[in-house]
Amino acid sequence: MVGPRSVLVIFVATFALATVFSLLSDRVLRSATLVAGLVLVGIIAVGIVFDIIGLATATADHSPLHSMAAKKVPGARQALRLVRNAPRVATICNDLVGDICGTVSGAAGAGIVLHILARQVSPRPPALGGSLGTDGGLWAVLAVALVAAVTVGGKAVGKNVAIGRANRIVFAVGRFLWWVEQRLGLVLLKDRPTPRRASRRRVTQIDE
């Protein structure tokens, strides 16, 4: 169950990430069209990849990961940590990153079309809110629809991949987290204390 504090953290993180993504995409849109197109593809790909990770974490099987962690396979303990925190990981991957990428990619697609049309009309492109006529509005709508179709289609394919290869995907992410911990010393995801551990900690604090 998500508490008020978690909701506040998610709200602030979503607002901050959406602002950063929007500013970066707007800066890129004002540069070369090819670069803007590559950035748009990258944003869509990030949303699909994180959606796959979130679903794979929620559907992965504990048993093989427990066995690999007992054998001290690099990345197995981190993968098991992902599965234990599946609701939290799904919230970050699907709701936070996935939804932000979907929103920003739609706006970026419309922005690319408007900038292309503006450069054809005048050497100095107007603001994104400027009027470009009925044709410009139609192309912008079609661009948003195309981005939405690609995103939804990609996530549909990704769901099949996530369900069919959940353990492989989670273990691959666990290996990445293991590499980050070994090379950079950063623990991106920590285990939450179990109720038994939490009760023991409270008893220890009371005794002290």
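A residue counts as buried when its relative accessible area is under 20%, as exposed when that value is over 50%, and as partly exposed in between. With this scale in hand, select Phe-176, which lies in helix H7: at 48% relative accessibility, Phe-176 falls between the two limits and therefore counts as partly exposed. The model on screen is a predicted one, and the stops below start from this residue.

**The whole chain**

Before going further, colour the chain by secondary structure. The protein has eight helices and zero strands, so that the pattern read along the sequence is α-α-α-α-α-α-α-α. Of its 208 residues, 32% count as buried.

**Helix H7 and the surface patch**

Now select residues 166-184, the extent of helix H7. At 1.5 Å a residue, the 19 residues of H7 should span 27 Å, and the C-alpha atoms at its ends are 27 Å apart, which agrees with that expectation. To see which positions of the helix are covered, highlight Ala-166, Ile-169, Val-170, Phe-171, Val-173, Gly-174, Leu-177, Val-180 and Glu-181, the buried residues of H7.

Return to Phe-176 and add Trp-179, Leu-184, Leu-186 and Leu-188 to the selection: these five residues form a nonpolar patch on the surface, with about 540 Å² of accessible area together. Within this patch, Leu-184 belongs to H7 and, at 53% relative accessibility, counts as exposed because its value is over 50%. Step on to Gly-185, which follows H7 and has a positive phi, near 75 degrees.

While Phe-176 is still selected, draw a C-alpha to C-alpha distance to Gln-78: the two residues are 98 residues apart in sequence, and in space they are 8.9 Å apart.

**Helix H4 and the loop before it**

Gln-78 leads to helix H4, residues 76-84, which is mostly covered, seven of its nine residues being buried. Those buried residues are Ala-76, Gln-78, Ala-79, Leu-80, Arg-81, Leu-82 and Val-83.

Then move to Lys-72, in the loop between helix H3 (62-70) and H4. Lys-72 has a positive phi of about 60 degrees although it is not a glycine, and with a relative accessible area of 73% its side is open enough that Lys-72 counts as exposed.

**Two salt bridges**

Display the charged side chains next, since side chains of opposite charge can pair when their charged atoms come close. The structure holds two salt bridges.

For one of them, select Glu-181 and Arg-81, whose side chains meet at 2.9 Å, N to O. Glu-181 lies in helix H7 and Arg-81 in helix H4, so this pair ties together parts of the chain that are 100 residues apart in sequence. Both partners are covered: Glu-181 is buried, with a relative accessible area of 16%, and Arg-81, at 6% relative accessibility, counts as buried too.

For the other, select Lys-159 and Asp-51, whose side chains meet in a salt bridge at 3.2 Å, N to O. This pair links distant parts of the chain, with Lys-159 in helix H6 (residues 133-164) and Asp-51 in helix H2 (residues 33-59), 108 residues apart. Here Lys-159 counts as partly exposed, at 38% relative accessibility, whereas Asp-51 counts as buried, at 8%.

**The second largest pocket**

Switch to a surface or cavity display, because rolling a probe the size of a water molecule over the atoms shows where empty space is left. The second largest pocket has a volume of about 350 Å³, and of the 13 residues that line this pocket, Phe-50, Ile-92, Cys-93, Leu-177 and Leu-188 are the closest to its centre. Leu-188 has already appeared in the nonpolar surface patch, and Leu-177 among the buried residues of H7. H2, helix H5 (86-121) and H7 each supply at least two residues of the lining, and H5 gives the most, with five residues.

**Last stop: Cys-101**

Stay in helix H5 and select Cys-101, which counts as buried, at 2% relative accessibility. From Cys-101, draw a line to Leu-40: the C-alpha atoms of these two residues are separated by 9.5 Å, while along the chain the residues are 61 apart.

Methods: Residues numbered from 1 in each chain as written. Predicted model: local features only at pLDDT ≥ 70, side-chain atom pairs only at ≥ 80, totals over all residues. Heavy atoms only, no water. Patch = residues over 30% accessible without salt bridge, like charges linked within 9 Å, V, L, I, M, F, W, Y side chains within 5 Å. Areas by Shrake-Rupley, 256 points an atom, 1.4 Å probe, with all protein chains shown as cover. Salt bridge = Lys/Arg side-chain N within 4 Å of Asp/Glu carboxyl O. Helix = DSSP H or I, 4+ residues; strand = E, 2+ residues; numbered from the N terminus. Buried < 20%, exposed > 50% of the residue type's maximum accessible area, 1.4 Å probe, protein only. Expected span 1.5 Å × (residues − 1). 1 Å grid on protein atoms, 1.4 Å probe; cavity = no way out; pocket = protein on both sides within 12 Å on 5 of 7 lines; lining within 4 Å. Points joined across faces, edges and corners; volume = space filled by probe spheres on them.
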